[in-house]
Amino acid sequence: MLGEAIPSSIDELFTLFGVDKVSADFVVVVDTSGSMSQGPTPPYPAVLKAFLSLVESIPDGDNLSVLTFDGSPNLSFQGKISDKSRNKAKDALPATATGEGTDIGSALDATLRRLERADSADVQTVIFLTDGQHVPAPGSAFPTTSGPEWDQLRVRADQARRGHDTQVLGIGLGEQGAGGIELLRQVFGNPEINSLPPDQLADFFRESVRRSQLARLATLVDKELANPVTVESKGSMPLEPTMDVDVVVHSNLKKLPVDLSVSGVTATNADGDQIDAELIGAKKSQIGPGGSETVNVRIEPPVKNPGFKVPPVTEQAKFTIQLNATYQVLPKDLLARVSGTATSGEVQGQHSVDAIRTYGRSVREILTLLAMVLLTLLVLAWLYRRFLQLPKLVGVFVVDSAAAPEKSVIQLKGKHHRITAKDVPGAGGAKIELFTRRGKPKRVFARVDTPPFFEVEDRRRERVVPEETEIRVNRYRLGGGRMKYWPKEPERTSDSNDHPR
């Protein structure tokens, strides 16, 4: 789609830049002295006919001034060309040339007045036709062909043309040829002087209109080419040892595309020291009118390892990226035919990067982290004790009928405690195994060789797990006993025998 937008002809440039919407000035100055109608082939009839074709070819909206002169100048038409004014403009020249004298100086003075108008256009075309020498009437302000009055005309011409694109076309007619028309050089410096036969005037006039359009196009193209291609982007990003930066290249041209070519890149820090930088991706691309292209650049600033900091530290840095890039406005060859302005140049501007990083930990963060670690350890410990670790036995085993009182209370130890007849003399011939199980840290289990004559109680002397007692029946009997489930050895009270067995 971008390729289709590139103009391929002058007419397409006319359309693209809207040349028909830009008005221009035409100042036509015609010698109407009697000599223009004399001789075997008088030039005036051909001038009159060619003038009609000129008026027909001038676009609507352009300004036309028609000056006739002999011994003095006369403004016979002034105004914008339109459907209504075009026929009136065609009648601006008299049917015959019958005037006396040829005051070229006064004619040039009147011509400059038309160029000096406050509403004059940027593009101006002067067409000056005469067949004779400067022969002023008595009392003319330009009695000779030189002097201060002519110097003043030159000064005015330079001022009038300043800021305008003014083409001055002089045509010498008749036997005198370009003789009298040479006086234009004293005023305009570098006019285009021609000596033409009358039958070529129509083509010359039409070509003058075409040249006016080209001059308008050149003015518009020059303004377009004055718009640069720039890098004016900036951005912020985290400061890292390797940073990929998007550098935006923007075309300020509004109607024409450009070819962008990036040959390299340089990057510097805030102190002006160069840092490592390289291009990533394509180095050539095309940017449409008013468009942008992103160039990827990788920079590697010397960023140190921050380490561990308390409290946090904020580090800022600034980098400048300069692209080594050029651009070519398209279509190159076609624009060179229209304008003398350079169609290529270097990309201007640079990309600025503000980089920042914050590292380290605040006291609050550290305390929060420690609290989380501690909580995690507590949860893990609870899970371990709840589901993995065998809980220890807690409490005492009391034998009511023990032969020796000091043997009646046995402190439970470890995770598996075995009580035999040796441990409790006089209590019988059975043995009791007391143990714990995973997942039930507050419960104690017993495995007894005979039906149990004991019960497991908590601090409130409520039975807690008699139904979970494992029993193995044998022929031995245990005199009697009671498990009291609290971590502290109880005092012997009179209720020791509250549970007869």
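How are H2 and H7 oriented relative to each other? They are roughly parallel, a label given to angles under 35 degrees, with over 145 counted as roughly antiparallel, 65 to 115 as roughly perpendicular and the rest as oblique. This tour begins with that pair.

The model is predicted, so local features need pLDDT of at least 70 and side-chain atom pairs count only at pLDDT 80 or more, while totals for chains, interfaces and linings use all residues. Residues are numbered from 1 along each chain as its sequence is written, and side-chain values use heavy atoms, with hydrogens and water left out.

**Stop 1: the helix pair**

Select helix H2 (residues 44-57) and helix H7 (residues 201-225). Helices (H or I, at least four residues) and strands (E, at least two) are DSSP runs, numbered from the N terminus. The axes of H2 and H7 come within 8 Å and cross at roughly 25 degrees; axes are lines fitted to C-alpha atoms, for helices over the stretch in contact, and angles run from 0 to 180 degrees between N-to-C directions. The crossing is right-handed, meaning that the near helix is turned clockwise from the far one by less than a right angle. Display the side chains in contact (heavy atoms within 4.5 Å): H2 contributes Ala46, Val47, Ala50, Phe51, Ser53, Leu54 and Ser57, and H7 contributes Leu201, Ala202, Phe205, Arg206 and Val209.

**Stop 2: the open sheet**

Next, select the six strands ordered S3-S2-S1-S4-S5-S6, which form an open sheet with mixed pairing. Two strands pair if DSSP finds at least two bridges between them. Strand S3 (73-80) and strand S6 (192-195) are at the edges with a single partner strand each, so one side of each lacks a neighbour in the sheet. On average, neighbouring strands here are turned by 15 degrees against each other, direction ignored.

At the S6 edge, strand S5 (residues 165-172) pairs with S6 in the parallel sense over 4 bridges. Gly172 has Ser195 of S6 as its bridge partner.

Add helix H4 (residues 104-115), which lies across S1, S2, S3, S4 and S5 and runs at about 165 degrees to S4. H7, from the opening stop, lies across S1, S4, S5 and S6, at about 165 degrees to S5.

**Stop 3: strand S10 and its partners**

Move to strand S10 (residues 258-269), which pairs with strand S12 (residues 284-287) in the antiparallel sense over 4 bridges. S10 also pairs antiparallel with S14, over 11 bridges. Asp259 is a useful marker: its bridge partner in S12 is Gln286, and in S14 it stands opposite Gln328. Strand S11 (residues 274-280) runs antiparallel to S10 and is joined to it by 2 bridges, with Thr268 opposite Gln274. In the hairpin of S10 and S11, 4 residues lie between the strands, and Gly272 takes a positive phi near 85 degrees.

**Stop 4: beyond the end of S14**

Select Leu330 and Pro331, whose peptide bond is cis, with omega near 0 degrees. Pro331 is in the loop between S14 and helix H8 (332-338).

**Stop 5: the nonpolar cores**

A nonpolar core is a set of buried Ala, Val, Leu, Ile, Met, Phe, Trp, Tyr and Cys residues joined through side-chain atoms within 4.5 Å; buried means under 20% relative accessible area (1.4 Å probe, protein chains only). The largest has 43 residues, of which Leu13, Leu217, Val249, Val297, Ile299, Ile321 and Leu323 touch the most other members. Strand S14 (residues 313-329) gives the most to this core, with 6 residues. Apart from it lies another core, of 30 residues, including Val55, Leu93, Ile171 and Phe205.

Key:
Buried means under 20% relative accessible area, exposed over 50%, partly exposed in between (1.4 Å probe, protein chains only).
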